[in-house]
Amino acid sequence: MGLTVRDVGEFWMEFEDFCHYFTDVVVCRLAERALLWPSSHWREVRCPGEWATAPGKPPGGIPLLSGLSKQEDQKGLSRDGARGPKGDRKEDQLGKRQRDGTPWGQRDKAGGGKGDEMIIRKEAQESNFREGLRSVWWDGQVNKSSRCGGCINHRDTFLYNPQFLFEVKGEGDEVLICLQQEDRRIRRREGGGENLPIGFEVLKVEVNRTSRVNCVGEQAASSVYMDSRSVALRVTLGPGRYTLLPTTFQPGATGRFLLRVFSHSHVYLRELKEDLPPPSIWQCCVRQPCMVTTVHLRRASGLGQPKQTAPDVYAVIRCEEKSIRTRVFKQDSNPEFNTKAIFYRRQPDTHISIKLWCRGWLWDTLLGGARLQTGDIERGRSRVIDLHGGQSRSVSRGCIYVETSSSQCLTDL
């Protein structure tokens, strides 16, 4: 093994002994942040946050329910009924201690007696019952001003969690995300002190999004949910803009956290607080947006002729005075754009234009374009559009594949 025995705090043992005396391994990754090694340099950004209830509501409070007996409560508000069917993937990722409701150290203090086991089982059942009651009450009382909506299993409240926006510039950048919750041991004197089961979800959003996400879209990454001080995930993400949602497993749980993101390239991390983009400074003189439209440019095909070098292609999506430009796809006749853009429109009857350009040494050449009419309310409409109006003879035929979704209610998207 080439082992050198040195007095540096290390110790070695047989692998069989390690498996006999230990059950868990926690790996601590040391992020190299020295500028002397640019290839392995990690850039760190951090943002504090909080899971909080709506203003004016007590955190974690459980109201009294009248008209139900204890047997009816346990039958109708059981843990399984509150959380949904058994076998849920997020529920399976929690530890056995969190599932049976037994706090740390309670089994050790019990001493293994039969009477103590009955007490532990009774306390666990009461804890599970209260958790189910809390979940049912929360689903009926939550509003959009709350910031503790639970994991993605709770679709109605999941997006009420804090949301953080970051962008990946390079192709296939590696990102290390770490979520840490506050030290809750100081609350042990009050009967608390247990860690919250925490985790996070990463959603890929539109390239020009600047406000909170109001519908669950493409999931780019997902962590496990653990009742640990920290949860980390190392993932490779493609270029684009992403929204990171740190959550607790159950809705209504409150607490503070610290979010840390490491990347080899610079990442700007900020919290999204507004449901809509900030209004224009000329809002008194111009018409307010009355429709929101999402354009998903998936791909294009047939942009080059056989036995010829494929062009360097990029696309420009334009709606009213806003325009979005994709990155350049080098020598690709069938580029996979997979680009989403969101537009808040003042004139719904105007068209949205998509143009494909070929990058040149001196000037760029228009390959073709298309116009989309989205005046009517629509959702998830897919289209295959032939290119027209191109100025390049290298294109024999071509199509673009695009999806549009429009709504008059600005809070729907």
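Me: Which residue in β12 stands opposite I317?
Reply: This is a predicted model, in which local features need pLDDT of at least 70 and side-chain atom pairs count only at pLDDT 80 or more, while totals for chains, interfaces and linings use all residues. Residues are numbered from 1 along each chain as its sequence is written, and side-chain values use heavy atoms, with hydrogens and water left out. β11 and β12 pair in the antiparallel sense over four bridges; strands are DSSP runs of E of at least two residues and helices are runs of H or I of at least four, numbered from the N terminus, and two strands pair if DSSP finds at least two bridges between them. Opposite I317, in β12, stands I324.

Me: Which strands stand at the edges of the open sheet of four strands?
Reply: The order in this sheet is β12-β11-β14-β15, with antiparallel pairing. An edge strand has a single partner strand, so one side of it is left without a neighbour in the sheet. The strands placed this way are β12 and β15 (365-372).

Me: By what angle are neighbouring strands of this sheet turned against each other on average?
Reply: The angle is taken between axes, which are lines fitted to C-alpha atoms (for helices over the stretch in contact), and angles run from 0 to 180 degrees between N-to-C directions. For this sheet the direction is ignored, and the average is 20°.

Me: Is E320 buried, exposed or partly exposed?
Reply: E320 is found in the loop between β11 (313-319) and β12 (322-325), and has a positive phi of about 55° although it is not a glycine. Buried means under 20% relative accessible area and exposed over 50%, with partly exposed in between (1.4 Å probe, protein chains only). Because its relative accessibility is 22%, E320 counts as partly exposed.

Me: What is the relative accessible area of N338?
Reply: N338 lies in strand β13 (residues 336-345). Its phi is near 50°, a positive value in a residue other than glycine. N338 is partly exposed, because its relative accessible area is 34%.

Me: Where is T243 found, and what is its relative accessible area?
Reply: T243 is found in strand β7 (residues 240-248). Leaving aside neighbours within four places in sequence, T243 is in contact (heavy atoms within 4.5 Å) with residues including Q163, F164, V202 and L272. T243 is buried, because its relative accessible area is 0%.

Me: Which residue in β7 does F200 stand opposite?
Reply: An open sheet of five strands has the order β5-β4-β7-β2-β9, with antiparallel pairing. Its edge strands are β5 (218-222) and β9 (270-272). Within the sheet, β4 and β7 pair over eight bridges. F200 stands opposite P246.

Me: Which element gives the most to the largest nonpolar core?
Reply: A nonpolar core is a set of buried Ala, Val, Leu, Ile, Met, Phe, Trp, Tyr and Cys residues joined through side-chain atoms within 4.5 Å. The largest has 27 residues, and F166, F200, V202, L244 and L269 have the most contacts inside it. The elements that give two or more residues include β4 (198-205), β7 and β8 (255-263). With four residues, the element that gives the most is β6.

Me: How many residues does the second, separate core have?
Reply: In soluble globular proteins, nonpolar side chains tend to be buried together. The second core includes L303, F337, C358 and I400. Its number of residues is 22.
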